[in-house]
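Thanks for making time, everyone. Please have the sequence and the viewer open side by side. I'll go from a single residue out to the whole chain.

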Amino acid sequence: MFETMAVEIEQLLGRLTGINDKMAEYANSAGVPSLNAALMHTLQRHRDILQDYTHEFHKTKTNFLAIRERENLLGSVRKDIESYKSGSGVNNRRTELFLKEHEHLRNSDRLIEETISIAMATKENMTSQRGMLKSLQSKMNTFANRFPAVNNLIQRINLRKRRDSLILGGVIGICTILLLLYAFH
């Protein structure tokens with residue numbers, strides 16, 4: 001359809017060129033000088049219009065051909081993409097496996113990032129707790145140094161705790177030795 005319209009427009013432009021040529025012949029053959037300037041102006045105006053029409057036609061034709069060529073190329077690319085997507089060959093299976101593996105790797109990476117962030121938060125909490133315990137210990141030492149009676153009481157409690165631990169350890173050791181002697185005789 002485009003080709004027939006282009007041929008028809010070219011024929012019309014050819015007829016318009018013929019008419020302009022006939023007008024030029026008439027203007028050159030006219031014998032009246034006062035009409036000659038007006039005819040020459042009209043003839044020049046018609047030639048400019050013809051030139052504009054011809055230029056616009058060629059520009060439009062070139063644009064249309066470029067668009068049609070582009071559509072043909074895009075159409076063939078789309079066909080290739082559709083045939084690739086619809087094909088059930090080994091390449092599609094391999095591609096699916098690669099995509100699944102890629103997704104697994106991304107999920108693993110995300111989980112590792114979450115674990116690292118949890119570990120960093122835990123480290124920060126432990127550091128703040130250590131600071132609090134150090135400040136508590138320094139306050140207890142300051143308190144014990146200010147009040148020697150409390151310090152003396154704490155030392156006695158620690159001494160009794162050690163003594164009780166030694167007695168309990170000795171009793172457990174003696175019981176174990178007696179139990180072993182009884183078991184082997």
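A definition to start: contact means heavy atoms within 4.5 Å. Keep in mind that this is a predicted model.

Now take Asn20. What does Asn20 touch, leaving out residues up to four places away in sequence? Leu43, His46, Arg47 and Leu50. Asn20 itself sits in helix H1. Is Asn20 buried or exposed? Buried, because its relative accessibility is 3% and the cut-off for buried is under 20%.

Next, Leu16. This residue is in helix H1 too, and that helix covers residues 2-29. Leu16 touches Leu50 and Tyr53, again not counting residues up to four places away in sequence. So Leu50 appears in the contact list of Asn20 and in that of Leu16, by the 4.5 Å definition. How far apart are Leu16 and Leu50 in space, C-alpha to C-alpha? The answer is 7.2 Å, with their positions 34 residues apart in sequence. Leu16 has a relative accessible area of 26%, so it counts as partly exposed.

On to helix H2, which runs over residues 33-86. Leu39 is found there. Pair Leu39 with Ala24: they are 15 residues apart in sequence, and their C-alpha atoms are 8.7 Å apart. Leu39 is partly exposed, because its relative accessibility is 29%.

Now helix H3, residues 90-146. My example there is Met126. Met126 counts as exposed because its relative accessibility is 51%, and the cut-off is over 50%. Where Leu16 and Leu50 are 34 residues apart in sequence and 7.2 Å apart in space, Met126 and Arg162 are 36 residues apart along the chain with a C-alpha separation of 30 Å.

Let's zoom out. How many helices and strands does the protein have? Four helices, zero strands. From the N terminus the order reads α-α-α-α.

What about overall shape? The C-alpha trace spans about 150 × 60 × 15 Å along its principal axes. The radius of gyration is 52 Å, while a compact globule of 185 residues would have one near 16 Å. Buried residues make up 5% of the 185, and Asn20 is one that counts as buried.

Contacts next. Take those with a separation of 6 or more. Residues 24 or more positions apart account for 53% of them.

Surface and charge. The accessible surface comes to about 16500 Å². Carbon and sulfur atoms hold 63% of that. The protein has 26 positive and 20 negative charges. The mean positions of the two sets are 23 Å apart.

Last stop, the C-terminal stretch. UniProt, in an unreviewed entry, places a "transmembrane region" at residues 166-184. What does the model show over residues 166-184? The chain there is 100% helix and 0% strand. The end C-alpha atoms of that stretch are 27 Å apart.

To recap: four helices and zero strands, a radius of gyration of 52 Å, and 5% of residues buried. That's my tour. Over to you.

Key: Residues numbered from 1 in each chain as written. Predicted model: local features only at pLDDT ≥ 70, side-chain atom pairs only at ≥ 80, totals over all residues. Heavy atoms only, no water. Helix = DSSP H or I, 4+ residues; strand = E, 2+ residues; numbered from the N terminus. Rg over C-alpha atoms; globule rule 2.2 N^0.38 Å. Buried < 20%, exposed > 50% of the residue type's maximum accessible area, 1.4 Å probe, protein only. Areas by Shrake-Rupley, 256 points an atom, 1.4 Å probe, with all protein chains shown as cover. Lys, Arg positive; Asp, Glu negative; His and termini not counted. Charge placed at Lys NZ, Arg CZ, Asp CG, Glu CD. UniProt positions renumbered as here; feature names shortened; annotations may be inferred.
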